[in-house]
Amino acid sequence: MDSENRYLTVSQFTNILKMDLEKRFTSIFLTGEISNFRESSVGHWYFSLKDREATIKVVVFKFKQASIMKNMTERLKDGMEVLVEGGLSLYAKGGDYSIDATKIILSGIGELYVKFEQLKKKLSEKGYFDQARKRSIPKLVDKIGIVTSPTTAALQDILNVLKRRHNNLEIIVFPTAVQGDDAKNSIVKAIECANFHYNHNTDKSVPLLIVARGGGSMEDLWPFNEEIVADAIYKSSIPVITGVGHEIDFTIADFVADMRAPTPSAAAEIVSADKEDLKREISFYSQKIEKAIFQKIDSFHEILERNNSDKLVSKLARLNNERYVNFSYIFERLNSNFNKKISNAKSSFEFVVDKLNILNPMNILKRGYNILINKDGDVVKEETPISVGEEASLFMYNKKLLVSIKTIEKKEFVKL
């Protein structure tokens, strides 16, 4: 036997394994937690089923999804504890094996999912997600800050969008780890660094902040579900847009942020005004202004044509004559009214003066009458109480006498 005949090609060996494994493991029953769930462009579902020590891939083909999901109360997502039934399948081209799922039953909620819901409930009760406290996103900014890893595809996606839509935008990257045990602390430091520059108005101050990373499993995105990251976004003086993961991914950071974008690229679309859109808008308003100006000019031309120089001179002369006549008439009327008012005021004044002279107590005293004032300063009239021995002042026209009351007699005067 030729020694070379002992060697199999990779595809031959893989096919042997495929037939043997798929024949031997037609019915497999597994329990675990869904992780890294995603949907392919043709509609198939892929995810990993894991426990604390191992992971296996699972595929749910599109034509099986309806029957698998008919008894499910909610859509599959990361963190779910499920029971999976199916057969082993080996993908020869990639050398990968996976479970071809035929049945999935929800058995519980994974540990990370429980932590997610607990923190979400806690922060919601504290008002972290309230729409009223969220700041509006500034428009037409000339500078933005990006909190992400400098080496990720997410940053390149953002930069590509910004370059295409607004290449004059200044970009400042506040680098951070976006995965791993220490990523949460790194993200917080990057956000705080951006706020330091903003609050101290340095050359790295930015009016808007994007916090971003690309897609991944629930574990990969977990730093954005940490409470300290939520606190940093909540306390940020700078408005924050998050673009974390894929469109179906939601993190605690998304709920706290002033705005959530479904992807990093979408966040870049939001913050950058498209140059072509701006040009079209400027052109539109320029045309409106130009049209309004020309309409005004045409209107003035019509007025000038209707009013040549001779007509204008004639009109002005007529208006001047009319105004002169009106002015003379008004002046005479005002002068006449003024003199009449002065005369009436003078007569009224003289009448009042005569009245005052009549009522002037000094004129009464001049005719020989006297006025008695008691110790309280009151004029002693018929009804004014006064006692014997009381001192009083007697006012004459040009004298004042201090008197003491010796007797009080009642005297009747004949009324005229």
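The exercises below, each with a worked solution, go through a predicted model of a protein chain.

Residues are numbered from 1 along each chain as its sequence is written. Because the model is predicted, local features need pLDDT of at least 70 and side-chain atom pairs count only at pLDDT 80 or more, while totals for chains, interfaces and linings use all residues, and side-chain values use heavy atoms, with hydrogens and water left out.

**Exercise 1. The chain as a whole**

Task: Find how many helices and strands the protein chain has, and what share of its residues is buried.

Solution: Begin with the secondary structure, where helices (H or I, at least four residues) and strands (E, at least two) are DSSP runs numbered from the N terminus; the chain comes to 12 helices and 13 strands. Next turn to burial, for which buried means under 20% relative accessible area, exposed over 50%, and partly exposed in between, with a 1.4 Å probe and protein chains only; of the 416 residues, 32% count as buried. The accessible surface, computed by the Shrake-Rupley method with a 1.4 Å probe and, for residues, with only the protein chains shown as cover, comes to about 28,400 Å², and 55% of that area belongs to carbon and sulfur atoms. Finally, take the contacts (heavy atoms within 4.5 Å): among those between residues at least 6 apart in sequence, 62% join residues at least 24 apart.

**Exercise 2. Two places where strands pair**

Task: Describe how β2 is joined to β3, and then give the strand order of the open sheet that contains β12.

Solution: Two strands pair if DSSP finds at least two bridges between them. Strand β2 (residues 45–50) and strand β3 (residues 55–60) run antiparallel and are joined by six bridges, with Ser-48 of the pairing standing opposite Lys-57 in β3. The connection from β2 to β3 is a hairpin of four residues.

For the open sheet, the three strands follow the order β11-β12-β13 with antiparallel pairing. Its edge strands, each pairing on one side only, are β11 (371–373) and β13 (400–404). On average, neighbouring strands of this sheet are turned by 30° against each other, direction ignored, where the axes are lines fitted to C-alpha atoms, for helices over the stretch in contact, and angles run from 0 to 180 degrees between N-to-C directions. Strand β12 (residues 391–395) is joined to β13 by five bridges, and Glu-391 stands opposite Ser-404 in β13.

**Exercise 3. Salt bridges across the sequence**

Task: Work out which parts of the chain are linked by the salt bridges of Arg-75, Asp-100 and Arg-135, and decide whether each partner is buried, partly exposed or exposed.

Solution: A salt bridge is a side-chain nitrogen of Lys or Arg within 4 Å of a carboxyl oxygen of Asp or Glu, and the structure holds 13 of them.

1. Glu-39 and Arg-75 meet at 3.3 Å, N to O. The pair links distant parts of the chain, 36 residues apart, with Glu-39 in strand β1 (residues 28–39) and Arg-75 in the loop between α2 (62–69) and β4 (80–91). Glu-39 counts as partly exposed because its relative accessibility is 44%, and Arg-75 is likewise partly exposed at 46%.
2. Lys-64 and Asp-100 have their closest N and O atoms 2.9 Å apart. Here helix α2 supplies Lys-64 and strand β5 (residues 96–109) supplies Asp-100, 36 residues apart. Lys-64 counts as buried because its relative accessibility is 16%, and Asp-100 is buried at 18%.
3. Asp-258 and Arg-135 meet at 2.8 Å, N to O. Asp-258 lies in the loop between α8 (252–256) and β10 (259–260) and Arg-135 in the loop between α3 (111–125) and β6, so the pair ties together parts that are 123 residues apart in sequence. Asp-258 counts as buried at 8% relative accessibility, whereas Arg-135 is partly exposed at 24%.

In addition, Glu-33, Lys-50 and Glu-219 are linked in a network of salt bridges.

**Exercise 4. One loop residue**

Task: Locate Thr-152 and state whether Thr-152 is buried, partly exposed or exposed.

Solution: Thr-152 is found in the loop between β6 (143–148) and α4 (153–165). Thr-152 is partly exposed because its relative accessible area is 22%. The C-alpha atom of Thr-152 is separated by 7.6 Å from that of Gly-214, a residue 62 residues apart from Thr-152 along the chain.
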